[in-house]
Amino acid sequence: MLAKPTGGAARIIPALDTGDLARAEALAAALAGRCGVLKVGLELFCAAGGPAVAAIARHAPVFLDVKLHDIPNTVAGALRSLLPLRPAMVTLHAGGGPAMIAAARAEAEKAGADRPILLAVTVLTSMDAAALAATGVADTPAEQVRRLARMAVAAGADGLVCSPQEAALLRADLGPGPALVVPGVRPAGSDAGDQARVATPAEAVAAGADWIVVGRPITGAPDPAVAAAAIAASIPG
Ligand SMILES: O=C(O)c1cc(=O)[nH]c(=O)n1[C@@H]1O[C@H](COP(=O)(O)O)[C@@H](O)[C@H]1O
């Protein structure tokens, strides 16, 4: 499995959210030296599939963010189909429950020491308390994130996706072991867009994030490499 980064640019995961593989490859080439991992998410994967993962992996290890969420047998089968792409990280929704997560872990183990880090997505960073309540969960986002995180790690997840606002809570609950991958990250002054639970890169890392996921503040900048370098410079240690 990919080792955790110890600091600086290696903590940054730019999200290559585009349906245009040529644009994603150009971003990957520009950002490869300024980040630790590159994220292929649903927009790029739905547009260009496995060849997109192979193309981006030529530049840096790939976080394949497909947020699997289905019955255990189907999720295990999806992982079986994804493992030949050799992603460094794969996401699944914690809300799929312990049997789904355990089935994913058992399947991932078949890839041996090179297996991807399995990350359970807790409460999407775009959701505030009202959005969570609309799904029938009366607890705060932080309480729900903690509940899902404990369950997911006990079921076999290697790490979690959470907002910067829950990272310190999860470190206190779960200790230093689980990988914490944190989107909803915004450099001071940048537009939050559809993200509801946000903080700056430095705040996210101080709270315990191992990696931070940053999309539009990098990909929408006039010079994405300069934007990534500025974020790296803002992260302590
Ligand atoms: O799993 C993720 O990466 C993810 C989980 C989550 O709760 N929130 C979230 O924003 N993400 C992803 O992180 C990226 C954030 O992009 P920006 O909002 O443009 O920085 C997107 O690619 C999202 O798909």
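**Close-up views of a predicted model**

Sorted by class, the residues lining the ligand come out as seven nonpolar, seven polar and three charged. Keep in mind throughout that this is a predicted model.

**View 1. The shell around the ligand holds 17 residues.** Closest to the ligand are A15, T125, P183, G215 and R216. As for the make-up of that shell, seven of its residues are polar and three are charged, with seven nonpolar ones besides.

**View 2. Strand 3, residues 62-68, is paired with strand 2 and with strand 4.** Let's start with strand 2, residues 38-40: it runs parallel to strand 3, and three bridges join the two. Look for L38, which sits opposite V62 of strand 3. Getting from strand 2 to strand 3 takes you through helix 2, residues 42-57, and the three pieces make up a right-handed β-α-β unit. Strand 4, residues 89-93, also pairs with strand 3 in the parallel sense, again over three bridges. Here L68 has L92 as its bridge partner in strand 4. The chain gets from strand 3 to strand 4 by way of helix 3, residues 72-82, in another right-handed β-α-β crossover. How much of strand 3 is tucked away? Five of its seven residues are buried, so the rest of the structure largely encloses this strand.

**View 3. K67 and R86 both have positive phi values without being glycines.** K67 belongs to strand 3, and its phi is near 45 degrees. Is K67 buried or partly exposed? It has 16 C-beta neighbours inside 10 Å, and being buried takes 20 or more, so K67 counts as partly exposed. R86 sits in the loop between helix 3 and strand 4, with a phi of about 55 degrees. R86 also counts as partly exposed, because it has 16 C-beta neighbours inside 10 Å.

**View 4. The largest nonpolar core takes in 76 residues.** Which residues have the most contacts inside this core? They are L38, A104, L119 and I212. Helix 6, residues 141-155, is the biggest contributor, putting in six residues. Zoom in on L119 and, leaving out neighbours within four places in sequence, you'll find M89, V90 and T91 among its contacts. Its contact list also includes the run A157, D158, G159, L160 and V161, plus A179 and V181.

**View 5. Q144 is a buried residue of helix 6.** It counts as buried because 21 C-beta neighbours fall inside 10 Å. Setting aside neighbours within four places in sequence, Q144 touches V123, L132, V137 and D139. Of these contacts, V123 is 21 residues away along the chain, yet its C-alpha atom is 7.2 Å from that of Q144.

**View 6. Strand 8, residues 211-214, is covered on both faces.** In a regular strand, side chains take turns between the two faces of the sheet. Here W211 and V213 are on one side, I212 and V214 are on the other, and all four are buried. Strand 1, residues 12-14, pairs with strand 8 in the parallel sense over three bridges, while strand 7, residues 179-182, does so over two. I212 is a handy landmark for both pairings: I12 stands opposite it, and so does V182. I212 is also one of the core residues with the most contacts. Finally, strand 7, helix 8 (residues 201-206) and strand 8 form a right-handed β-α-β unit.

Technical notes: Residues are numbered from 1 along each chain as its sequence is written. This is a predicted model: local features need pLDDT of at least 70, side-chain atom pairs count only at pLDDT 80 or more; totals for chains, interfaces and linings use all residues. A residue is buried if 20 or more other C-beta atoms lie within 10 Å of its own, exposed if 12 or fewer, and partly exposed in between; C-beta atoms are placed from the backbone. Two strands pair if DSSP finds at least two bridges between them. A crossover is right-handed if, with the strands pointing away from the viewer, the path from the first strand over the helix to the second runs clockwise. A nonpolar core is a set of buried Ala, Val, Leu, Ile, Met, Phe, Trp, Tyr and Cys residues joined through C-beta atoms within 7 Å. Two residues are in contact if their C-beta atoms, placed from the backbone, lie within 7 Å. A residue is near a molecule or strand if its C-beta atom, placed from the backbone, lies within 6 Å of it. Ala, Val, Leu, Ile, Met, Phe, Trp, Tyr, Cys and Pro count as nonpolar, Asp, Glu, Lys and Arg as charged, and the others, Gly among them, as polar.
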